[in-house]
Amino acid sequence: MIANLHNADIPKPVLDVIARLRELGHAVYLVGGCVRDMVRKVHPKDFDVATSALPEEVQRAFRKVIPTGIQHGTVTVVQAGMHVEVTTFRSEGDYLDGRRPSSVAFERDIVKDLSRRDFTINAMAYNPLDRELVDPFGGQTDLQAHVIRCVGSAQERFSEDGLRPLRAVRFAAVLGFTLESATRDAIPATLGVFRKVALERVREELVKTLMSPRATFGMELLADTGLLDVFLPEVARANAEAARLARTAAQGSPVIVEVRMAALLADLVDRTRAREIGLRLKFPNKTADHVALLVEHAKLEEHVADADPALRRMLAKLGLALLPHLIDVARARISARAPDRVSELEALFDRLEALADAKPPLSAKELALTGGDIMATLGVGPSPIVGEATRFLMDSVLDDPGLNTAETLKTRLQEWHARTAK
């Protein structure tokens with residue numbers, strides 16, 4: 001697998017940074033995820049550099065440097081327009097809050113730096129100038145075996161940083177790997193540390209797991225290790241068959257966060273609880289609202305026999321922009337739960353899309369009469385009757401969009417007012 005490293009496409013600005021630090025007598029390596037990805041023949045998203053040079057020595061070595069995390073030994077070198085993150089080899093003090101070390105100490109030894117990392121596959125370093133791979137914990141072997149294994153004691157690694165168990169599951173799902181037995185067994189015993197992790201960070205890892213090619217496996221692993229019960233008990237405590245179908249529906253849906261969340265939740269919670277979950281996990285309000293709407297309307301199989309006016313009312317509550325996502329959620333659900341009904345649902349999807357393409361008026365602002373027009377027609381000023389009249393007109397055009405002309409609505413409004421005034 002090391003041959004993959006030698007053939008990797010490493011950007012010239014990164015190589016220039018490495019060469020400059022070597023020229024000054026410092027040890028320097030590529031580290032972390034970029035080495036893991038290059039060994040796997042996957043082009044890295046970014047390239048992290050680790051060096052024996054102290055932060056101030058790195059700053060002196062380059063013309064433009066940004067002290068992005070200098071207290072922890074990290075600076076960003078701007079080289080030929082590219083930002084290259086350079087971190088001094090370091091060891092870490094005790095983790096007191098379950099997330100961050102209480103102190104860091106700069107080191108001269110790359111192995112000491114690698115020994116503080118989470119998993120063996122992330123604890124490799126590569127010097128592209130000398131074509132030297134440093135792999136003290138068997139990361140290459142674990143990559144070949146498709147195994148996620150902690151560096152050293154899994155109990156210690158997970159007790160240091162409560163996010164690591166969730167990252168272990170995410171890597172397993174994203175990469176298609178399994179958890180090494182000791183690594184897996186250490187997760188339930190360290191859930192107390194996991195509970196200290198900010199929900200924003202939990203959400204990030206959950207989304208990556210849910211959007212992975214093996215979302216079903218990842219969600220099952222979260223449940224089996226007890227992690228899911230900490231932040232998503234509504235799914236963790238569902239009966240086994242309901243949870244299995246929910247996971248299957250989520251993986252069977254398009255890779256869109258709102259769609260996968262809605263597919264996961266649609267048969268387990270109602271709209272109100274779906275929104276509460278979204279807000280609890282620190283999703284943006286808009287995302288939480290969209291997931292809630294999709295959950296509310298996901299059971300489209302209940303609307304196969306609905307007439308067009310009822311379907312237009314549903315579209316009015318949903319909003320046309322969310323219709324493609326609703327169809328995605330409903331298709332994934334029905335494919336998981338009742339595949340024999342897929343063709344029946346597809347006919348309903350076609351009807352909904354045809355109704356949407358006709359662009360019917362679905363909100364008050366699309367009525368042919370404005371609020372001012374309504375007041376003029378009724379001879380009233382601002383008052384509750386204007387709202388009642390607007391709702392009457394919306395009901396009328398949802399029943400028959402062809403009524404949405406100014407003259408027709410004025411006539412209907414006058415007739416309505418005459419009836420209600422008696």
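Student: Why is A80 called exposed?
Tutor: This is a predicted model, and in it A80 has a relative accessible area of 74%. The label "exposed" needs over 50%, so A80 earns it with its 74%. You'll find A80 in the loop between β4 (74–79) and β5.

Student: What makes the phi of A80 worth a mention?
Tutor: Its sign: phi is positive, about 55°, although A80 is not a glycine. H146 has a positive value too, near 60°, and H146 is also a residue other than glycine.

Student: Where is H146, and why is it called partly exposed?
Tutor: H146 is in the loop between α6 (139–145) and β10 (147–148). Its relative accessible area is 41%. Buried would mean under 20% and exposed would mean over 50%, so 41% puts H146 in between, and we say partly exposed.

Student: Now the rings. How do you know that Y29 and F89 form an aromatic pair?
Tutor: By the pairing rule, which gives four aromatic pairs here. Y29 and F89 are one of them, at 6.3 Å centre to centre. The centres have to lie within 6.5 Å, so 6.3 Å passes.

Student: And why is that pair of Y29 and F89 called tilted?
Tutor: Look at the planes, which are 40° apart. Under 30 degrees would be stacked and over 60 would be edge-to-face; 40° is neither, so the pair is tilted.

Student: What makes this a link between distant parts of the chain?
Tutor: Y29 is in strand β1 (residues 28–31), while F89 is in the loop between β5 (82–88) and β6 (90–92). That puts them 60 residues apart.

Student: Are Y29 and F89 buried or exposed, and how do you know?
Tutor: Y29 has a relative accessible area of 9%, and F89 is at 0%. Both values fall under the 20% limit, so both residues count as buried.

Student: Why is the pair of F194 and F231 called edge-to-face?
Tutor: Their planes stand at 70°, and edge-to-face asks for over 60, so that name fits. The ring centres are 6.1 Å apart, which is within the 6.5 Å needed for a pair. F194 belongs to helix α10 (residues 191–194) and F231 to helix α13 (residues 227–231), 37 residues apart. F194 and F231 are both buried.

Student: How do you know that the charged end of R203 sits over the ring of F283?
Tutor: One test is distance: the charged end is 5.9 Å from the ring centre, and the limit is 6 Å. It also has to be within 35 degrees of the ring normal. R203 counts as sitting over F283, so it meets both conditions. R214 does the equivalent with F217, lying over its face at 4.0 Å from the ring centre.

Student: What lines the largest cavity?
Tutor: F283 turns up again here, together with M261, L265, A274, I277, G278, T287, A288 and V291. The volume is about 30 Å³. Helices α16 (257–265), α17 (271–280) and α18 (285–297) each supply at least two of the lining residues.

Student: Why is G278 not among the nonpolar ones in that lining?
Tutor: Gly is counted as polar by the rule used here, so G278 goes with the polar ones. The lining divides into seven nonpolar, two polar and no charged residues.

Student: What makes M261 a buried residue?
Tutor: Its relative accessible area is 3%, and buried means under 20%, so M261 qualifies. M261 lies in helix α16. Leaving aside neighbours within four places in sequence, it is in contact with L206, L210, I277, F283 and V291.

Student: Why is A125 called buried?
Tutor: A125 has a relative accessible area of 0%, and that is under 20%, so it's buried. A125 is in strand β8 (residues 125–127). Setting aside neighbours within four places, its contacts include Y29, which we met in the tilted pair, plus I110 and V134.

Student: Last one: how do you know that A246 is buried?
Tutor: At 4% relative accessibility, A246 is under the 20% limit, so it counts as buried. A246 lies in helix α15 (residues 240–251). Not counting residues up to four places away in sequence, A246 touches A263, L264 and L268.

How values were computed:
Residues are numbered from 1 along each chain as its sequence is written. This is a predicted model: local features need pLDDT of at least 70, side-chain atom pairs count only at pLDDT 80 or more; totals for chains, interfaces and linings use all residues. Side-chain values use heavy atoms; hydrogens and water are left out. On a 1 Å grid over the protein atoms alone, a cavity is a set of points where a 1.4 Å probe fits but cannot get out, and a pocket is an open set with protein on both sides within 12 Å along at least five of seven lines; lining residues have an atom within 4 Å of a point. Grid points are joined across faces, edges and corners, and a volume is the space filled by probe spheres set on the points. Helices (H or I, at least four residues) and strands (E, at least two) are DSSP runs, numbered from the N terminus. Rings of Phe, Tyr and Trp (its six-membered ring) pair if their centres lie within 6.5 Å; planes under 30 degrees apart count as stacked, over 60 as edge-to-face and the rest as tilted. Buried means under 20% relative accessible area, exposed over 50%, partly exposed in between (1.4 Å probe, protein chains only). Contact means heavy atoms within 4.5 Å.
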